[in-house]
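Trainee: I would like a close look at a single part of this structure, namely the aromatic cluster, followed outward into its surroundings. Please treat it as one connected account.

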Amino acid sequence: PPFELGGSFSDSTSVTPLIFVLSPGADPFAALNKFATERNKEIKSISLGQGQGPRAETMIDEGVKTGTWVMLQNCHLCTSWMPKLENIVELMEPQQTHREF
């Protein structure tokens with residue numbers, strides 16, 4: 001069956017991220033952007049790679065405060081930063097995270 005973004009979104013929380021594992025050439029950004037627009041949400045996106053971890057962390061911090069969605073793309077290019085990302089997500093507290101993040 002085709003992927004249904006709405007169902008996955010309803011199963012997530014502000015501290016439970018949606019993770020897309022893609023095959024080569026797949027790009028969910030258009031569908032995610034449409035989904036966000038329908039909900040009046042802003043998405044900030046970053047393509048990870050050399051030195052982009054701190055910038056991504058800043059975007060996540062802002063999203064936690066404001067409810068802006070953050071899309072981290074090309075995580076495979078920044079494997080050394082993935083433990084840091086895991087720690088950021090693990091330490092998120094629902095009471096301190098914007099409910100729409």
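Mentor: What follows begins with the aromatic rings and then moves to the charged side chains, the largest pocket, the cysteines and one loop residue. The model is a predicted one.

Three aromatic pairs are counted here. In one of them, the ring centres of Phe9 and Phe35 are 5.2 Å apart and the ring planes stand at 70 degrees; an angle over 60 degrees counts as edge-to-face, so this pair is edge-to-face. Phe9 belongs to helix H1, residues 5–11, and Phe35 to helix H2, residues 29–38, so the contact ties together parts that are 26 residues apart in sequence. The two partners can also be described by their accessibility. Phe9 has a relative accessibility of 32% and counts as partly exposed, whereas Phe35, at 8%, counts as buried.

Phe35 also pairs with Trp69. Their ring centres lie 6.2 Å apart with the planes at 25 degrees, so this pair is stacked. Trp69 is in strand S2, residues 69–73, while Phe35 is in helix H2, so this second contact ties together parts that are 34 residues apart in sequence. Phe35 and Trp69 are both buried. Taken together, ring pairs link Phe9, Phe35 and Trp69 into a cluster.

The Phe35 ring has a charged neighbour as well. Arg39 lies over the face of Phe35, at 3.4 Å from the ring centre. Arg39 leads on to the salt bridges, of which a search of the whole structure finds six. One of these joins the side chains of Glu38 and Lys34, with an N to O distance of 3.4 Å. Both residues lie in helix H2, four residues apart, which is about one turn of the helix. Glu38 and Lys34 are both exposed.

Another salt bridge connects Lys84 with Glu57, at 3.5 Å from N to O. Lys84 is in helix H4, residues 82–90, and Glu57 is in helix H3, residues 53–66, so the pair ties together parts that are 27 residues apart in sequence. Lys84 counts as partly exposed, at 36% relative accessibility. Glu57 is likewise partly exposed, with a relative accessible area of 22%.

A further salt bridge is formed by the side chains of Glu100 and Arg99, with 3.8 Å from N to O. Glu100 is partly exposed, with a relative accessible area of 34%, whereas Arg99 counts as exposed at 71% relative accessibility. Salt bridges that share partners, in turn, join Lys34, Glu38 and Arg39 into one network. Arg39 therefore takes part in this network and also lies over the face of Phe35, the residue that pairs with Phe9 and with Trp69.

The elements that carry the cluster reappear around the largest pocket. About 1,100 Å³ of space lies in this pocket. Its lining comprises 37 residues, and those nearest its centre are Pro17, Leu18, Ile19, Val70 and Leu72. H1, H2, S2 and H4 are the elements that give two or more residues to this lining. S2 gives the most, with five residues. Strand S2 is also the element in which Trp69 lies, and H1 and H2 are the helices of Phe9 and Phe35.

The cysteines deserve a brief remark. A disulfide is a covalent bond between the sulfur atoms of two cysteines. The count of disulfides in this model is zero. The sulfur of Cys75 has its closest cysteine sulfur in Cys78, at 7.8 Å, which is too far for a bond; the cut-off for a disulfide is 2.5 Å. The two residues can also be set side by side by accessibility: Cys75 is partly exposed, with a relative accessible area of 24%, and Cys78 is buried, with 6%.

Finally, Ser80 is found in the loop between S2 and H4. Ser80 is exposed, with a relative accessible area of 70%. The C-alpha atoms of Ser80 and Gly53 are separated by 9.1 Å, and the two residues are 27 residues apart along the chain.

Key: Residues are numbered from 1 along each chain as its sequence is written. This is a predicted model: local features need pLDDT of at least 70, side-chain atom pairs count only at pLDDT 80 or more; totals for chains, interfaces and linings use all residues. Side-chain values use heavy atoms; hydrogens and water are left out. Rings of Phe, Tyr and Trp (its six-membered ring) pair if their centres lie within 6.5 Å; planes under 30 degrees apart count as stacked, over 60 as edge-to-face and the rest as tilted. Buried means under 20% relative accessible area, exposed over 50%, partly exposed in between (1.4 Å probe, protein chains only). A charge sits over a ring if NZ of Lys or CZ of Arg is within 6 Å of the ring centre and within 35 degrees of the ring normal. A salt bridge is a side-chain nitrogen of Lys or Arg within 4 Å of a carboxyl oxygen of Asp or Glu. On a 1 Å grid over the protein atoms alone, a cavity is a set of points where a 1.4 Å probe fits but cannot get out, and a pocket is an open set with protein on both sides within 12 Å along at least five of seven lines; lining residues have an atom within 4 Å of a point. Grid points are joined across faces, edges and corners, and a volume is the space filled by probe spheres set on the points.
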